[in-house]
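Dear colleague,

Please find the structure below, handed over for your own work. A summary of the findings follows it.

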Amino acid sequence: MTKIILCLILSVLILTNCSNDNDTHEKLSEIERLLEKEKYELAMNNLSDINANRLNNENKAYYDLLMTQANFCLDKQTDSDSLINESIRFYEENNNKILLAKAYYYKGITCYQRGNKSEGINLIKKAEHLAKGTSDLNFITKIYINLSFINIDTGNYQTGLNYARRALQTAQKANNKILIALSMNKINLAFNRIEEVDSSIVYSKKIIPYLKYLNNNEHIAEILTNISISFINKNMYDEAILYAKKSLEIKPNAHAYYIIGSIYFERGENRKAWQLLNDALNTNELELKAEVLLWMADLKKEEGKYKEASELEERALATKDSIKTKQQTEHMLSLQNNAERKAADEQAQNRLVIAISAVMVLAAAVMITMLTYHRRRINATKREIEDISRTTEQYRQKISELDKEKDKNEKDIEKLNKKIESLKERRMTILGHGRMLYDELEKGRL
């Protein structure tokens with residue numbers, strides 16, 4: 001009786017634990033959905049409510065992945081990869097393709113942002129290769145958006161544009177309004193960098209209706225600034241100021257300050273313009289900082305202040321050197337190409353193995369078919385010879401009976417003898433046509 005009670009208690013505990021694990025996994029899935037909707041603070045709060053020490057291995061790997069993602073989205077990256085490394089280890093061992101791809105991806109973008117660009121690009125390309133075999137269009141779009149960002153950031157503008165277009169295609173297939181906006185923003189940015197002004201205006205206007213779907217202020221500010229850049233490049237100053245000011249209302253950024261400042265200079269409002277250019281210099285946006293410094297140097301020259309202009313130019317050149325080191329354009333593109341070649345080689349190797357396997361299966365099938373046909377022929381021949389032998393023996397027995405009254409049955413005997421001769425000829429024809437078959441039959445090979 002005691003054993004029965006203990007078994008019942010153990011069963012209840014097992015069922016309860018399984019139920020808790022399932023409930024936790026569903027909570028983690030809901031947190032991932034919050035992250036997809038850019039509700040980062042709420043997602044982090046829900047993650048904080050979970051006791052990580054009580055999770056099973058599967059849920060712990062998922063938790064570590066989502067915590068890394070949430071930290072990245074909230075710009076709370078640390079120098080430690082311990083959480084995401086545990087996720088990668090678990091998913092590599094358990095062959096979970098999509099979650100392994102996500103683990104590679106988030107480790108990759110955190111590595112890239114910390115300055116370890118080579119490892120970052122390799123990991124993101126590994127994520128891209130794995131994700132292509134899944135149906136998670138939202139995640140594939142995110143990979144393309146970030147590969148677009150990396151290429152634009154490192155000066156590979158055309159490659160960045162290509163990835164942005166891929167991102168837009170997959171975002172539209174997924175009907176994800178947020179990702180559609182982010183993809184079009186990258187297309188707009190790439191067109192601005194390659195100075196295709198009319199195309200950038202087209203995408204600026206396309207993005208505007210999608211802004212209402214965004215929850216992340218940083219994304220909204222960036223998109224508004226890029227729209228403003230498109231309009232100023234087209235000399236549409238009122239529109240440029242409108243969107244630059246909207247961007248600054250959300251978040252201070254160098255580009256917005258620079259856009260408004262440059263327009264104020266055009267309009268002769270120099271005091272306001274200088275203040276805005278100084279505000280731009282106080283940000284950490286290196287690429288624009290060099291441009292602002294050169295603009296200020298030109299203005300100082302116009303004022304006859306050549307010493308100040310020279311100092312500003314020196315600062316601009318030093319900043320440009322930092323940008324060049326930061327970009328490593330050709331190296332970054334080479335890393336991506338190498339990663340793509342490696343993925344292609346792996347796919348080719350897999351296709352070769354599959355092709356060889358298919359040929360071997362086909363060859364085996366042909367051999368089995370031939371052996372089966374061969375065996376059937378032997379069996380059919382064997383049966384035919386046996387039938388001839390039985391019929392011949394029957395005729396002989398009948399002749400033996402008829403021979404007792406030979407005179408009376410002579411004609412019948414003659415007919416039977418002819419039939420026997422005919423059967424002998426038929427048997428010899430069969431054996432003559434397939435002597436080897438018969439030899440195998442006689443020797444009992446098959």
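The notes below cover the basis of the values, then two helices, the salt bridges and one serine.

This is a predicted model, in which local features need pLDDT of at least 70 and side-chain atom pairs count only at pLDDT 80 or more, while totals for chains, interfaces and linings use all residues. Residues are numbered from 1 along each chain as its sequence is written, and side-chain values use heavy atoms, with hydrogens and water left out.

Helices α9 and α14

Helices here are DSSP runs (H or I, at least four residues), numbered from the N terminus. The expected span of a helix is taken as 1.5 Å times one less than its number of residues.

Helix α9 covers residues 177-193, and its 17 residues should span 24 Å; the end C-alpha atoms are 25 Å apart, which agrees. Of these 17 residues, 15 are buried, so α9 is largely enclosed by the rest of the structure. Buried stands for under 20% relative accessible area, exposed for over 50%, and partly exposed for values in between (1.4 Å probe, protein chains only). At the N-terminal end of α9, asparagine 176 acts as a cap, with a side-chain oxygen 3.1 Å from the backbone nitrogen of isoleucine 178. After α9 comes glutamate 195, which has a positive phi, near 60°.

Helix α14 (residues 270-281) has 12 residues and an expected span of 16 Å, and the 17 Å between its end C-alpha atoms agrees with this. Its buried residues are Ala273, Trp274, Leu276, Leu277, Ala280 and Leu281. Seen down the axis of α14, they fall within an arc of 165°, so they line one face of the helix. The arc is that of the directions from the helix axis to the C-beta atoms.

Salt bridges

Side chains of opposite charge can pair when their charged atoms come close. The structure holds 19 salt bridges, a salt bridge being a side-chain nitrogen of Lys or Arg within 4 Å of a carboxyl oxygen of Asp or Glu.

One of them joins lysine 102 to glutamate 32, at 2.6 Å from N to O. This pair links distant parts of the chain, 70 residues apart: lysine 102 lies in helix α5 (residues 97-113) and glutamate 32 in helix α1 (residues 2-36). Lysine 102 is buried, at 7% relative accessible area, and glutamate 32 is also buried, at 11%.

Lysine 117 and aspartate 153 form another, with the closest N and O atoms 3.9 Å apart. Here too distant parts of the chain are linked, lysine 117 being in helix α6 (residues 117-131) and aspartate 153 in helix α7 (residues 137-153), 36 residues apart. Lysine 117 is buried, with a relative accessible area of 11%, as is aspartate 153, with 15%.

Within helix α4 (residues 82-94), arginine 89 and glutamate 86 are 3 residues apart, about one turn of the helix. Their side chains meet in a salt bridge of 3.1 Å, N to O. Arginine 89 is partly exposed, at 37% relative accessible area, and glutamate 86 is partly exposed, at 38%.

In addition, Lys125, Glu128, Lys132 and Arg166 are linked in a network of salt bridges.

Serine 228

Serine 228 belongs to helix α11 (residues 217-233) and is buried, with a relative accessible area of 0%. Leaving aside residues up to four places away in sequence, serine 228 touches Ala240, Tyr243, Ala244 and Ile259, where contact means heavy atoms within 4.5 Å.

Yours sincerely

Note on methods:
Helix = DSSP H or I, 4+ residues; strand = E, 2+ residues; numbered from the N terminus. Polar contact = N/O pair within 3.5 Å; in protein donor to acceptor, adjacent residues only side chain to side chain.
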